[in-house]
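Trainee: I would like to work through this model with you, one question at a time. Could we begin with the overall form of the chains and then turn to how they meet?

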Amino acid sequence: MNHGAPRGANSAPSQRPLADTRAPDEGDGVDTSPDVSDSIAKTTCYMCACRCGIDVHIKDGKVRYINGNKDHPVNRGVICGKGSSGIMQHYSPARLKKPLLRSGPRGSGEFREIEWEEAFSIATERLSNIRRTDPKKLAFFTGRDQSQSLTGWWASQFGTPNFSAHGGFCSVNMATGGLYTIGGSFWEFGEPDWDNTKYFMLFGVAEDHDSNPIKIGLGKLKARGAKVVSINPCRTGYNAIADDWIGIRPGTDGLFVFALIHELLKAGRVDLDYLIRYTNAHVLVVQEPGAADDGLFLRDGDGNPLAWDRVAKVSVSAADPDAKPTLTGSYTIGGRRCVPVFQLIADRYMDDSYAPDAVAAQCGVPADTIRRIAAELAHVAFEQTIELPVAWTDWAGRRHETIKGRPVSMHAMRGISAHSNGFHSCRAIHLLQVLLGTIDVPGGFRFKPPYPRSAPPGPKPSGKTVKPMTPLDGMPLGFVCGPDDLLVDEAGTPLRIDKAYSWDAPLAAHGLMHTVIRNAWAGDPYKIDTLMMYMSNMAWNSSMNTVETIAMLTDHDEAGNYKIPFIIYSDAYYSETVPFADLVLPDTTYLERHDCISLLDRPISHADGPGDAIRHPVVEPDRDVRPFQSVLIELGARLGLPGFVKDDGSARYADYADYIVNHERTPGIGPLAGWRGKDGTSVGKGAVNPNQLQRYIDNGGFWHQDFAADQRYYKMANRSYLDFAVQMGFIPKAEPIVFQLYSEPIQRFRLAARGHGRVQPPEAERQRIETYMDPLPFWFMPFEEAAVDLEKYPLHALTQRPMHMYHSWGSQNAWLRQITSQNRLFVHHQTASGLGLIDDDWVWIESINGRVKGQIKLIDGVNADTVWTWNAIGKRRGSWGLKDDAAESNRGFLLNHIIGDQTSADANGKRYSNSDPVTGQAAWFDLRVRIVKCADEEAGFTEPQFERFSEPPNVAPSPDILRFGAEFRESREAAE
Amino acid sequence: MHPAASVVFFTTATGAGYGLLGLLGVLGGLGFVSADFWLGLIGMGLALGLIAAGLLSSTGHLGRPERAWRAFSQWRSSWLSREGVASVATLIPAGLFGIGWVLFGRTGGWVAVAGLLAAVGAVVTVCTTGMIYASLKPIAQWHSPYTLPGYLIFSAMTGSMLLNALLQAFAVGATAIATAALLLTFLGWGWKLTTWRYNDALEIATTANTATGLAGGTVRSLEWPHTEENYLLKEMGFRIARKHAAKLRLITQVLAFALPALLLALAFALPRPFAAVLSVLAAIVQFAGMLVERWLFFAEAKHTVTLYYGR
Amino acid sequence: MTCLPAHTDKKLGLVIDLDTCVGCQACVTACKEWNTGGHMAPLTDIDPYGGNVDGVWFNRVHSYEHTTEMGGRTVNFPRSCLHCETPACVTVCPTGASYKRASDGIVLIDESKCIGCKLCSWACPYGAREFDTDVGVMKKCTLCVDRIYNDNLAEEDRVPACVAACPTSARHFGDLGDPASAVSQLVAERGGVDLMPEMGYKPTNKYLPPRAHTQRAASVPAPRLEPVKAEGGFLGWVDRMLSN
């Protein structure tokens, strides 16, 4: 029987249907062909941020079954443990049912139900007052939002700079580290060339992002026998299947990478040609200590960076394709002494302090292992090169007959990101990739469109001037290129409530949601009126220092008013944060709503072509709930925000679906790129197409375009790709994207600290800026490790997200919570035996910030100086539809309770956010602890315990038994 | 294995019941016991009562007891089905035997044939019960040469102890029966000790290595597939502390063997009312002891599925 | 009928690759989701939101640490019915509810005959059977017998739910009785093993063990890196390279 061309990821011959799928004549009465569904709706999953395509099978008006969409570019038919459990999320007993207005004290969970009209009028009145007086008094932070191009634009139209999503405590180090270096990033904006790579290094990755694509990719590597090296303190999940597991000590990855670079440089195993063609390695850097441009690039009159032509012996534009630039030496040009970037790199990383022997103890990795990995990298990159027989033309018009590749690829995420040194560590990994010539080459790490963009990309953050009734002059989030772009006042005081783009966190491209509650509570830098949040569990697992955060949310001033005067919160479920809201706007589940997964935000592209996707309602809500985005659009219209009303003041968009189709950010560019133009024939840019959503639905809920063979690699310098990117609006001009190994924007901050420029840091900040705004990546000890008594707190403590859970969402899911309803603290056997601990003991986990109690499980596969646990399993009683005896609130624990949200006071007595000093990324993983066996009578239950929340009104108690699916069988059997 | 009360009682009660039935059938049928009405009524009543109570109790273990009749169908492959068939089939001659004895006051002729057939049925039924356990390879403590003889010995032991008590109570006690009960009790004791010794020294070929296919070295459970106990763990993951088991083994020895033997020995030495009381007491104590023994039989049995859970 | 067929036309089963499984639980919930509305519906969950939650699942994933002289490895281990050739769970069944199909070898339960005596779960060494206390019957993996032949599904979807879902392609499905089949060849190539072969139940499902360190194709024959030998050291080498 002919199966046709197999679709989807799982289509190996050993994964296909039987050759003959006719049922055999067994005669046992089994119905081998039961009816599966009345209809199949294709939409986008939202069980995590991965954005896979799903087929939702509807039977008798209920969701019977969800499987992966085989055509979808993200998951190609596979589906993860969460995705298959979507039914239980959709029918969760924790779903909110109606708008709620607080009736008891904040945090009690006492509410009364109100109508939407009342909810809108309360919000509108409050927010219009703010807008009329001081728009920045609205802080709008949106958590795990997939509609940031709408929510950010809404904030901008409202006129408040105080907007961001949750990136500040998630991935901003990866995003920023990448975008300032290679104009793209790990995270989910790039991927290894799974089909061609021969050597794959995975740094600090649990299931953070890109869940199914990484798993599909690992499956490919395993099937081909490509080598997988994992660098991770924990040997679970992806790391379990690595051929080489390097159980590194947390926070030392940068050091490890520098040692690899040291070895490669010493051995001359770097790709010089690649460096000259695609990076600023040859660009001359002024070396004049004390000068205002010391450490900046030497430029010609037009502002072009210069290089030294070793043949012509003259300075030339670094971008001149015909130049023969040198990479080493020192030159005096026009009286200025300068050296190429590469010379600075060699000087720094060839220093003995980065030799394997010098870093081995700090990293917990034997020097021989470091040397071996360096040798393997060099061998694969330079001796196992691959060449695809495809001709392409570079930006300068040079034709290449083949596409050459060095098949070493890397991916990195949370384990790098969540340290205070994460930005520089991330840059270190990119530097390693670039030195080996492996970015966007066959077998290397590839950009996903709309990346690459210039490093850093535009535009800059808005919010320098905030005026009543006036929109910002751009979007609140962006990329700064120097101190002039910071959002600080003359005295250096932050203009944003979260202190993003201030001297505390100059490159805070995702904002610092994790600082908002403390800053709003403290009135530092100023007081706000309303905190509006969406889908982020800030009163629990999304905050560091939970105990104090909860106290701040409920704290009163002397007059008896809440210090954070008003909190509006939208969520679909009764999370730990809902009870702290004054007004609750109930959201729908992901199967009841429209959404767009936009190229303006976080699209579904893969390296072989751009794509975007939608959600659309596949079942009707059975409750009085509304999608938050539609609510926001209506609120915008009621407030009369310019973008949200027509000239006559009436609402511009009926709802989110209307916005998705009809909104244009710039002429011809809207939230969706597919089927634009009146007749749906344009891609990227084009007029509004009223049938656009239907075209998406007809295509399985997504749009995706495959690149031509010659556009797929070297996108940073590939003429055909660059032209396409301009046509799509990804980049303004078809110019090559030059990797910034040495970052001039970062050096500008350092110069400001040295007293140059119009905008300079306050005196007390100068040393910090001088130290951390280093234009070349460097390693420093994570802040908490440097501050605490390491003998007292000898262990690192980490969390990992279980692959079957998405943060706090998983525990309300009757299926997923069965897999993990109690988290253990995993402790290395040796460490435990040294402490006299045995399996199943209950221990206090103590940090400088507090203590939490949990049960241990002994393990071998972990760095011996590290303990870890599963993230966000511990729950507060009364939330998530869980019963009071649920393991989550009795035996499960939350490590967040003991993670400080601030650093220890510095010499000036200042406490900074516990974050990366460059980007403001929350440093969750810097935590240091000790563990102490608890007293016998303390065993068996977790502490601290929190008061139980009341249930929201009219919520039925969660069922004692679940027979989901019985109804489908009954209807099937009744039909027979 | 989880020692479910219904199954512990079922196997103990039917063991004693079939033991008594078998002895009554043989001794009655062969004329060693007179066809006394009350002795017949109470003796057969006790035997059949224990059997009925046991069988009834066993249905308490079933998820769908109303379908229990289906269990007679698969005698060709299933020891449980065979047990069902044998137990019910035995009731026919047992019933006729009881009717003959109690209603017709005779134990000879066709009644004797029925009695002997009932005895054969009783032995067969006890064998099938034993084989249910002895045939289960995943439980090494059961899948042993000791299981089937154990069931037969304990059935005969408890049956003879009951018969002795009955005869003593009816003042028709025979030294031979008492001696047999005493000897069987010693045999049971010895068998149990040997079984325990065998089980304690068991080297089980199935390990976490063979269970997972991971050859060599050690295989240690890191995480279960689910945090809370599931059916497999509740049914088959039962664990008993070594200390606790040792205590229960001691209690078993005292109640099931030592004390009944002592009581019987005293009964030999003492006159009728005392001998009868002691004999009845011995039977009751032994029955209680056998409940403990049977509880341990389950509790100490380790199923291979526990290997997957690191137990 | 609980007597085993003397011969089955096919031996349908799964091949599970322990070298590739990352323990993501995708197969676990995909199985739960399909089957809770499928042939043995429902897969009841007791106390689903409470402290004693206990549901029926046909497929569960354990994790182990396997330590040998060659070092340690974490192994994720999916466990489900192995559809044995000579399954004791079938022969012990007193009612004929448990049976092995002569056509494809799938071991099934006819729920309408099951009395819930649980003996089959005692007889199965692998823990493949799960009792539904709410319905009072035993339930188990059906190898998605209601998918693999289902005319109402697109032909390409007629594979077990766990195989369709698996993101790492660690699960395979086919006729292990046919030595020419893709699954049989995979087993031969990768040295697939039986679980508890000493039990003698001849499992149909096979497990592909993790590649031993030395056998991993992945070992890279890289010579040790030596400092460049050029005048002027590394920088001299750079200059020379650029001049070439």
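Trainee: What radius of gyration does chain C have, set against that of a compact globule of 244 residues?

Mentor: Bear in mind throughout that this is a predicted model. Along the principal axes, the C-alpha atoms of chain C fill a box of roughly 85 × 45 × 45 Å. A compact globule of 244 residues would come out near 18 Å, but the radius of gyration of chain C is 24 Å.

Trainee: And what is the radius of gyration of chain A, and why does chain A count as compact?

Mentor: Chain A holds 25 helices and 35 strands. For its 976 residues the globule rule gives 30 Å, and the value for chain A is close to that, so chain A is as compact as a globular protein of that length, with a radius of gyration of 28 Å. Its C-alpha trace spans about 85 × 80 × 75 Å along the principal axes, and the radius to remember is 28 Å.

Trainee: What share of the contacts in chain C with a separation of 6 or more is accounted for by residues 24 or more positions apart?

Mentor: Chain C is built with six helices and eleven strands, and buried residues make up 70% of its 244 residues. In chain A, residues 24 or more positions apart account for 69% of the contacts with a separation of 6 or more. For chain C the corresponding share is 59%.

Trainee: How many residues does each chain bring to the contact between chain A and chain C?

Mentor: On the side of chain C that touches chain A, there are 47 nonpolar, 22 polar and 20 charged residues. Elements of chain C that each supply at least two residues to that side include α1 (26-35), β4 (59-68) and α6 (233-243). The contact takes 89 residues from chain C, and from chain A it takes 107 residues.

Trainee: Which residue of chain C does A:Leu962 stand opposite?

Mentor: Strand β35 of chain A, residues 961-962, is joined to β2(C) by two bridges, and the two strands run antiparallel. Within β2(C), the residue opposite A:Leu962 is C:Asp45.

Trainee: Is A:Ser409 buried or exposed?

Mentor: A:Ser409 lies in strand β21 (residues 408-412) of chain A. Leaving aside residues up to four places away in sequence, A:Ser409 touches, among others, A:Pro192, A:Phe200 and A:Phe445. Because A:Ser409 has 31 C-beta neighbours inside 10 Å, where 20 or more are needed, this residue counts as buried.

Key. Residues are numbered from 1 along each chain as its sequence is written. Chains are lettered from A and ligands numbered from 1 in the order in which they are written. This is a predicted model: local features need pLDDT of at least 70, side-chain atom pairs count only at pLDDT 80 or more; totals for chains, interfaces and linings use all residues. Helices (H or I, at least four residues) and strands (E, at least two) are DSSP runs, numbered from the N terminus. The radius of gyration is taken over C-alpha atoms; the globule rule is 2.2 Å times the number of residues to the power 0.38. Two residues are in contact if their C-beta atoms, placed from the backbone, lie within 7 Å. Ala, Val, Leu, Ile, Met, Phe, Trp, Tyr, Cys and Pro count as nonpolar, Asp, Glu, Lys and Arg as charged, and the others, Gly among them, as polar. Two strands pair if DSSP finds at least two bridges between them. A residue is buried if 20 or more other C-beta atoms lie within 10 Å of its own, exposed if 12 or fewer, and partly exposed in between; C-beta atoms are placed from the backbone.
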